[in-house]
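Subject: Structure for you to look at

Hi,

Here is the structure I said I would pass on. Have a look at it first, and then read my notes underneath.

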Amino acid sequence: SWILSDWIDGAVEEIRRRVGDDTVICGLSGGVDSTVAAVLTSRAIGDRLKCIFVDNGLLRKDEARSVMETYSSLNLDVKMVDASHRFLSALEGVEEPERKRKVIGEVFVRVFEEEASSIPGAQWLLQGTLYPDVIESGHQGKGASVIKSHHNVGGLPDFMRLKVLEPLRDLFKDEVRRIGSLLGVPQGFIRRHPFPGPGLAVRCLGEVNRERLQVLREADHILQEELLASGLYDSLWQCFCVLLPVRSVGVMGDVRTYAETAVIRAVESQDGMTADWARLPYDLLDRVSRRICNEVRGVNRVVMDVTGKPPATIEWE
Ligand code: XMP
């Protein structure tokens, strides 16, 4: 990995050269990309990097607390803002996938702007954009059509007049993970699967509200626990639950149930641009399915997605 350590030295130099004595602000998402971008940048300019972590209420179980612990172990200067009520009220009645992204993106910009304005003199915005993000958002060249508007690409409105710093934009995920390891980001954090910026909103099909998010969180948590225990976590690109607004009839004890459906979505991929569905062992699927139906009130049926990308996308929205 001497090549990657050279890359780090070069990137640190480049950040120092471009930023000079300026201050940089960064929106941390809880993911690997923004974290690695922040650790790299803090290596270059120290505490002139100011980070903001917005809890949008669309994170997984215990996620906000656990990522804040990681940030503090990495000595990043992070302010956490709990804005979940703002996101959830803006999402009321919104069901269409791109509308969800748009609403979430807009609330994020507003919250972030309020927070950023309390950091006077910042001239730069740091983003953890990777190469595939750049391509998939259609920012590359002519004729590229937008498949999904990844809201973490493209930055902020002009009035903020921040220059954008994207030190990872030539890299693929596996490179970012290796660079993160070299920079001392803990393994348990580095190995985490990608998680979309709009969070559970695009995995909670139909209406996004606190109750349904809670159901999805609990189901997904069971899947993650069983997957980690099976030793298969690292062999997958992503593996998560989706909650469908489709109710079916079931029986629990001798009581009829009429509840929603959880989907297991598991894929293998190199970069997220194409993917194959993962052949998870039947006994793992069985444990997950039983536990979800027994432990999560609000789900009485578990199904598995066996579609590749293409023709499907990895996320359901
Ligand atoms: P799709 O669903 O397009 O996903 O096959 C490809 C990869 O991108 C992630 N993804 C997103 N990431 N904002 C993000 O930051 C988004 O809106 C978004 N949509 C999809 C997805 O999790 C997968 O890794």
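Below is what I found, going from the domains to single residues.

Before anything else, please keep in mind that this is a predicted model.

**The two domains**

The domain assignment splits the protein into domain 1, residues 2-190, and domain 2, residues 203-304. Taken over C-alpha atoms, the centres of domain 1 and domain 2 are 28 Å apart. Domain 1 brings 17 residues to the contact and domain 2 brings 15 residues. About 1,400 Å² of area is buried between domain 1 and domain 2, and carbon and sulfur atoms give 57% of that. On the domain 1 side, the residues that lose the most area to domain 2 are Lys61, Leu88 and Lys100, which together make up 34% of what that side buries.

How many salt bridges does the rule find across the interface of domain 1 and domain 2? The count there is 1. If you want a salt bridge to click on, try lysine 61 with glutamate 218: their closest N and O atoms are 3.2 Å apart.

**Aromatic pairs**

I also searched the whole structure for aromatic pairs, and 3 came up. One of them joins phenylalanine 53 and tyrosine 71: the ring centres are 5.9 Å apart and the planes meet at 70°, so this pair is edge-to-face. The angle matters here because planes over 60 degrees apart count as edge-to-face. Phenylalanine 53 belongs to strand β2 (residues 49-55) and tyrosine 71 to helix α3 (residues 63-73), so the pair ties together parts that are 18 residues apart in sequence. Are these two rings buried or exposed? Phenylalanine 53 is buried, at 1% relative accessible area, and tyrosine 71 is buried as well, at 0%.

Another pair is made by tyrosine 131 and phenylalanine 172. With ring centres 5.4 Å apart and planes at 75°, tyrosine 131 and phenylalanine 172 are edge-to-face too. Tyrosine 131 sits in helix α6 (residues 131-136), while phenylalanine 172 is in the loop between β5 (163-165) and α7 (173-182), so this pair links parts 41 residues apart in sequence. Tyrosine 131 counts as partly exposed, at 28% relative accessibility, and phenylalanine 172 is partly exposed at 27%.

**Charges over rings**

Two arginines are worth a look as well. Arginine 60 has its charged end over the ring of phenylalanine 195, 3.8 Å from the ring centre. Arginine 203 does likewise with phenylalanine 240, where the charged end is 3.6 Å from the centre of the ring.

**Two single residues**

Threonine 23 is part of strand β1 (residues 23-28). Its relative accessibility is 16%, so threonine 23 counts as buried. Leaving aside residues up to four places away in sequence, threonine 23 touches Arg48, Lys50, Ile119, Gly121, Ala122, Gln123 and Trp124.

Proline 97 is in helix α5 (residues 97-116). Proline 97 is partly exposed, with a relative accessible area of 25%. Which residue should you show together with proline 97? Pick glutamate 317: the two are 220 residues apart in sequence, yet 5.4 Å apart in space from C-alpha to C-alpha.

Cheers

Methods:
Residues are numbered from 1 along each chain as its sequence is written. This is a predicted model: local features need pLDDT of at least 70, side-chain atom pairs count only at pLDDT 80 or more; totals for chains, interfaces and linings use all residues. Side-chain values use heavy atoms; hydrogens and water are left out. Rings of Phe, Tyr and Trp (its six-membered ring) pair if their centres lie within 6.5 Å; planes under 30 degrees apart count as stacked, over 60 as edge-to-face and the rest as tilted. Helices (H or I, at least four residues) and strands (E, at least two) are DSSP runs, numbered from the N terminus. Buried means under 20% relative accessible area, exposed over 50%, partly exposed in between (1.4 Å probe, protein chains only). A charge sits over a ring if NZ of Lys or CZ of Arg is within 6 Å of the ring centre and within 35 degrees of the ring normal. Domain bounds come from an automatic or database domain assignment. Contact means heavy atoms within 4.5 Å. Buried area is the accessible area (1.4 Å probe) that two parts lose on being put together, summed over both. A salt bridge is a side-chain nitrogen of Lys or Arg within 4 Å of a carboxyl oxygen of Asp or Glu.
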